[in-house]
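Trainee: I'd like to learn how to read a structure like this one. Can you walk me through it?

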Amino acid sequence: MQLEQKNVLVGVSGGIAAYKTPDLVRKLKAQGANVRVVLTESATHFVSSLSLQAVSGEKVSTHLLDEDAEAGMGHIELARWADIFLIAPATANCIAKLATGLADDLLSTLALATPAPILIAPAMNQQMWAAKATQQNMQTLLDRGVAQLGPASGEQACGDLGYGRMLEPVEIVEALASFVAINLADDNHLSDEMQPKPLAGKQVMITAGPTREAIDPVRYISNHSSGKMGFALARAAQNLGAKVTLISGPVSLSTPDGITRVDVTSAQEMLDAVEKDIDSQDVFVACAAVADYRIAHENTQKLKKKAEDLVLTFTKNPDILKRVAQRKNAPFTLGFAAETQDVEAYARTKLEDKKLNMIAANDVSQADIGFNSDQNALLVITKDNTRKLAKASKDSLARDLLKIVSDELFKSHKK
Ligand code: PMT
């Protein structure tokens with residue numbers, strides 16, 4: 001019951017998905033949350049304040065200047081009351097307003113006035129969601145630390161198919177509970193330096209970036225990994241108190257201060273670097289996109305353009321993560337699973353096959369997350385638990401992910 005006694009302020013803007021908000025409020029209440037609801041003027045056309053009042057047990061606020069409310073709980077008190085501000089559904093108009101900092105109604109004013117973290121569940125027509133303006137506005141909000149929940153893909157009220165459906169209430173509540181578990185500990189408002197250091201005294205090794213497998217002296221095969229996620233993990237592990245070794249494939253990122261970096265090119269070199277130091281590690285995080293195959297017989301001279309078709313034979317690379325997890329006295333192992341389809345199922349298979357403690361499933365079919373982008377979204381799976389980390393900057397996700405790792409380490413220590 002992560003939401004027990006948490007003050008959740010729900011902002012509802014005017015989209016068809018607003019009809020789902022009574023169910024959302026009911027589910028939040030069932031988790032023990034205190035819920036207050038704010039409706040925009042247009043939201044009142046899709047859902048009645050009376051039904052939201054009935055399910056929340058609290059007066060629903062709609063206007064910025066409401067004499068009754070100002071005498072009771074006015075907008076500043078409401079903004080301070082919230083532990084968390086959830087905006088669901090968030091229309092394109094609402095997202096645009098928040099991005100520009102407008103405060104011309106109660107919901108947008110509260111977004112400026114609240115110190116609470118803001119989570120947004122977008123809902124709109126797929127074309128409107130894909131529009132450059134909406135994407136840029138959403139990006140602005142993400143850069144400011146707002147968390148994004150969805151949208152999902154599917155059939156829409158207008159008959160279109162695509163991304164833009166609001167997540168189901170049950171999914172929103174789950175995501176909110178994960179967010180609270182990770183972010184709303186007592187240390188929530190402390191700077192990095194002041195944060196507790198749950199990984200103090202721990203050694204964390206992280207692989208990052210791509211590997212390159214040579215075809216001949218001038219050509220290679222590789223992938224689109226930029227190293228951003230792995231480097232964000234290295235920074236986050238260091239901020240949480242760990243001593244970090246970062247083993248990186250070829251990337252153009254600078255080394256965070258105080259971190260030991262080992263540069264490698266191929267999968268075999270990465271394995272050698274990992275095995276050299278693995279025995280002293282408490283945690284191994286495999287974020288690198290390691291090439292599964294290399295050329296069977298590397299050509300020592302440049303291949304000549306002779307035949308119409310060129311056939312290359314590949315052979316399997318060693319699986320670095322699997323080898324680490326199989327070691328006697330293996331460290332805590334966190335793998336990543338980069339998938340374009342059946343993301344959760346494939347990730348679970350990797351968790352089991354490689355005998356890992358945890359896996360972070362990464363949907364790399366979406367251009368705005370995963371490879372080479374500044375944001376990501378992950379599904380974190382252990383034997384007993386599955387948690388969604390909503391789309392956010394790679395730095396913020398890395399911190400959340402490593403807090404989960406430190407909790408798991410702590411739990412296993414207590415056993
Ligand atoms: O670098 P960025 O641009 O920031 O992008 C981040 C990312 C998308 C690369 C990252 O979030 C990610 O998903 N990394 C894992 C990529 C991958 O290779 O996934 P996989 O499903 O093919 O491999 C599963 C796991 O086994 C991974 O932890 C991988 O590091 C590891 N592995 C795979 C093959 C191999 N030979 N050795 C390994 O250790």
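Mentor: We'll go through the ligand site, then some backbone features, then how helices pack. Keep in mind that this is a predicted model.

Trainee: Okay, ligand first. How many residues surround the ligand, and which are the closest?

Mentor: The shell around the ligand holds 28 residues, and the closest are Ser-226, Ala-288, Lys-350, Asn-362 and Asn-372.

Trainee: What does that shell look like by class?

Mentor: Sort the residues into three bins. You get 14 nonpolar, 8 polar and 6 charged residues around the ligand.

Trainee: And which helices and strands each supply at least two residues of the shell?

Mentor: Three elements do: helix H10 (228-239), helix H12 (320-326) and strand E16 (332-339). E16 gives the largest share, with 4 residues.

Trainee: Now polar contacts. Which polar side-chain atom lies 2.5 Å from an oxygen atom of the ligand?

Mentor: For these, look for pairs of N or O atoms within 3.5 Å. The one you're asking about belongs to Lys-350. Backbone atoms join in as well: a backbone N or O atom of Gly-227 sits 2.8 Å from a ligand oxygen, and a polar backbone atom of Ile-320 is 3.1 Å from a nitrogen atom of the ligand.

Trainee: How much of the ligand does the protein bury?

Mentor: Compare the ligand alone with the ligand in place. Alone, the ligand exposes 780 Å², and the protein buries 95% of that.

Trainee: Let's move to the backbone. What should I expect from phi and from peptide bonds?

Mentor: Most residues other than glycine have a negative phi, and most peptide bonds are trans. So the exceptions deserve a look. Here, the bond from Ala-88 to Pro-89 is cis, with omega near -5°, and Pro-89 belongs to strand E3 (residues 84-90). The bond from Gly-150 to Pro-151 is cis too, with omega near 10°. Pro-151 is in the loop between strand E5 (147-148) and strand E6 (152-155).

Trainee: What about phi at Asp-342: positive or negative?

Mentor: Positive, at about 40°, although Asp-342 is not a glycine. You'll find Asp-342 in the loop between E16, the strand that gives the ligand shell its largest share, and helix H13 (343-353). Asn-372 also has a positive phi, of about 65°, and its loop runs between strand E17 (358-363) and strand E18 (375-381). You've met Asn-372 already, as one of the closest residues to the ligand.

Trainee: Last topic, helix packing. How do I read a pair?

Mentor: Check the angle, the axis distance and the handedness of the crossing. Take helix H1 (residues 21-30) and helix H9 (residues 169-183): they pack at about 40°, with their axes 9 Å apart. That angle makes H1 oblique to H9, and the crossing is right-handed.

Trainee: At what angle do helix H5 and helix H6 cross?

Mentor: H5 (residues 92-100) and H6 (residues 106-113) cross at roughly 40°, and their axes come within 10 Å. H5 is therefore oblique to H6, with a right-handed crossing.

Trainee: H5 packs with helix H8 as well. Is that crossing left-handed or right-handed?

Mentor: Left-handed. H5 and H8 (residues 132-143) pack at an angle of about 50°, with their axes 9 Å apart, so these two helices are oblique to each other.

Key. Residues are numbered from 1 along each chain as its sequence is written. This is a predicted model: local features need pLDDT of at least 70, side-chain atom pairs count only at pLDDT 80 or more; totals for chains, interfaces and linings use all residues. Side-chain values use heavy atoms; hydrogens and water are left out. A residue is near a molecule or strand if one of its heavy atoms lies within 4 Å of it. A polar contact is a pair of N or O atoms within 3.5 Å; within protein, one must be able to donate a hydrogen and the other to accept it, and residues adjacent in sequence count only if both atoms are side-chain atoms. Accessible areas come from the Shrake-Rupley method with a 1.4 Å probe; for residues, only the protein chains shown count as cover. Ala, Val, Leu, Ile, Met, Phe, Trp, Tyr, Cys and Pro count as nonpolar, Asp, Glu, Lys and Arg as charged, and the others, Gly among them, as polar. Axes are lines fitted to C-alpha atoms, for helices over the stretch in contact, and angles run from 0 to 180 degrees between N-to-C directions. Angles under 35 degrees count as roughly parallel, over 145 as roughly antiparallel, 65 to 115 as roughly perpendicular and the rest as oblique. A crossing is left-handed if the near helix is turned anticlockwise from the far one by less than a right angle, and right-handed if clockwise.
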